[in-house]
Structure formats: C-alpha cells, structure tokens
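Look at the model below and keep the sequence beside it. The text that follows goes through a few of its parts in turn.

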Amino acid sequence: MKIRYFAQLALAFALNALDAAPLPSIPDRAPAPLAVYYAFDNPPPAGVFTELQRELGRILAPAGLRTAWRVVDTRQGSAEDFPSIVVFRFNGKCSLENEPAGPGDAPLPLAQTRIADGRVLPFGNVNCEAVREFIAPAVKLAGFAVRNEVLGRALARVTAHEIYHMLTGSETHAREGIARAALSRADLTNTTFFFARMQTDWIKSWVEKQRPVNQAARPGNPQIAGMASSRNAEQPALFVASH
Ligand SMILES: [Zn+2]
C-alpha cells in the first residue's frame, strides 16, 4: 500500500484539522524513519510544543530513532514519503498558564491508541486536559515558562508510550520505563525518564528494519484493511496515570 494513501487516511482521521494551525517544527535531519503527524484542538504555547518535540527526541535517541513532525493539513495533503508514520490528535487545552481546577489525583486516561479487530492502529489521541490536571500539583509553584516546559515533557512521554504500542503492534506493557502500563506523576515530570533497556533495544531493531525502506515493516499496513472493514469494532486502549 502506498504510504501516500496511508497519509490520506491519517488526514481523514484528524477530522476538524482545518482548525489546527501549523506550528514551527524543529529542523529535521533527513531522512527520518518515522513521521509524527499531529493536530491540536487548541494550538499550544510555543514552549509546550518545542519541549514536546525535544523530549520525544531525547527519549528515542538511545534507540537511534529520529522523527519528523508534520502538521496534519487537509488543505495540502501529503507529498512526502516516510518509511512509517503515526498520527496523533492532542485533545483539549495543552497549556498550563492557569492551574487547572481538577483534583490532579484521580486515575485518568492520559492517551489512547486505536485498536480494531485486536490490531493496534497507528492513530492515537493524547488527552492534554488529563495530563495537565495530573501534573499540576507538581508544578503549581513554578513560573509560566517552567510549567509549560514540564507539560511538554509529560506530553512527550505519554506520546512515546503510544508510539511504542504502534510500532510493536501490541498492547503489551513493560515492567519498567515509559512502556509501563501506568506512569506516576513523578515519571511524567522528573527531569529524565526513558524506555527501559529491553524496549530501547526493540526500537533499535525496528529502526534497523527501516533500512532500506521495507513496506512490510511499516506499522499500520495490515491494520488499515482492518480499520476500513471494522470501523465499529474500534476500541481505545487507555493509558492511565498511577501513583
Ligand atoms: Zn499502554
């Protein structure tokens, strides 16, 4: 299946993307094996988005996986080819300039990846509202810039968790690191937090399989047929916070 067709499905997934304003991206060193297509319900402050990109880069660097961020833009479509793509929509308000009213300690779905017929699809949602409410107690004394930097870092870790599901095509979790079934507030807000060695090694092997471009290794290809034929069977895999 042509990756362009795949990208068009990604665009279809990100409904209402016309409202998503393009945001500045960190320059990519070509070629990146994985494109992260994204759309925000509400454009985040630059500090949040910059840290989201940087932290995801730091998380994936030990595995040698670089990503190219591309805004979902239904007006232009996609003229680029990538070995693999994942698609994320960031829901709610992705900003911490005002402290959220939520209690900050209830188990919340932070993100989800779509599943159809038991197959993990490369389409995910990150719940900005849940993430910011969850981490708010850890940053309530910090200034505006620091709060949003920490929010961007937390969003990156949640996103990385879902990317792991998408690349592996599995709902399986790890016992340590970002691929754990649930992450604590400290996991999301501490200065550093990474995948455990075993998951890093798996991602590293995935990166190796992308050279040369291997259509069969692309995440999502078999899932696309499943999605088209079983839309009603889609279920979200929730990723919740723990304490
Ligand atoms: Zn998970």
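Histidine 173 is partly exposed, with a relative accessible area of 36%. That value falls in the range from 20% to 50%, between the cut-offs for buried and exposed. Keep in mind that this is a predicted model. Histidine 161, by contrast, has a relative accessible area of 1%. Is histidine 161 buried or exposed? Buried means under 20%, so histidine 161 is buried.

These two residues belong to a metal site. Which protein residues are the donors of the zinc ion? They are His161, His165 and His173, each through its NE2 atom, and they lie 2.0 to 2.1 Å from the ion. Along the sequence, the donor residues follow the spacing H-x3-H-x7-H. Histidine 161 sits in helix α4 (residues 144–168), while histidine 173 sits in the loop between α4 and β6 (182–183). The two are 12 residues apart, and the pair links distant parts of the chain.

Helix α4 can be checked for length. It has 25 residues, and at 1.5 Å a residue it should span 36 Å. The expected span is 1.5 Å times one less than the number of residues, which is why the count of 25 leads to 36 Å. The C-alpha atoms at the ends of α4 are 37 Å apart, which agrees with the expected span. Of the 25 residues of α4, 20 are buried, so the helix is largely enclosed by the rest of the structure. Just after α4 comes glycine 169, which takes a positive phi of about 70°.

One neighbour of α4 is another helix. Two packed helices are described by the angle between their axes and by the distance between those axes. For α2 (residues 46–60) and α4, the angle is about 45° and the axes are 7 Å apart. An angle of this kind is neither under 35 degrees nor in the range 65 to 115, and the two helices are therefore oblique to each other. The crossing of α2 past α4 is right-handed. On the α2 side, the contact includes Gly47, Val48, Leu52 and Ile59. On the α4 side, the residues in contact include Asn148, Leu151, Gly152, Ala156 and Ile163.

The last stop is valine 139, in helix α3 (residues 128–139). Its relative accessible area is 5%, so valine 139 is buried. Not counting residues up to four places away in sequence, valine 139 touches Leu96, Arg147 and Val150. Valine 139 and valine 150 are 11 residues apart along the chain, and their C-alpha atoms are separated by 7.8 Å.

Notes. Residues are numbered from 1 along each chain as its sequence is written. This is a predicted model: local features need pLDDT of at least 70, side-chain atom pairs count only at pLDDT 80 or more; totals for chains, interfaces and linings use all residues. Side-chain values use heavy atoms; hydrogens and water are left out. Donors are N, O and S atoms within 2.8 Å of the metal (3.2 Å for Na, K and Ca); water is not among the atoms, so sites may look incomplete. Helices (H or I, at least four residues) and strands (E, at least two) are DSSP runs, numbered from the N terminus. Buried means under 20% relative accessible area, exposed over 50%, partly exposed in between (1.4 Å probe, protein chains only). Axes are lines fitted to C-alpha atoms, for helices over the stretch in contact, and angles run from 0 to 180 degrees between N-to-C directions. Angles under 35 degrees count as roughly parallel, over 145 as roughly antiparallel, 65 to 115 as roughly perpendicular and the rest as oblique. A crossing is left-handed if the near helix is turned anticlockwise from the far one by less than a right angle, and right-handed if clockwise. Contact means heavy atoms within 4.5 Å.
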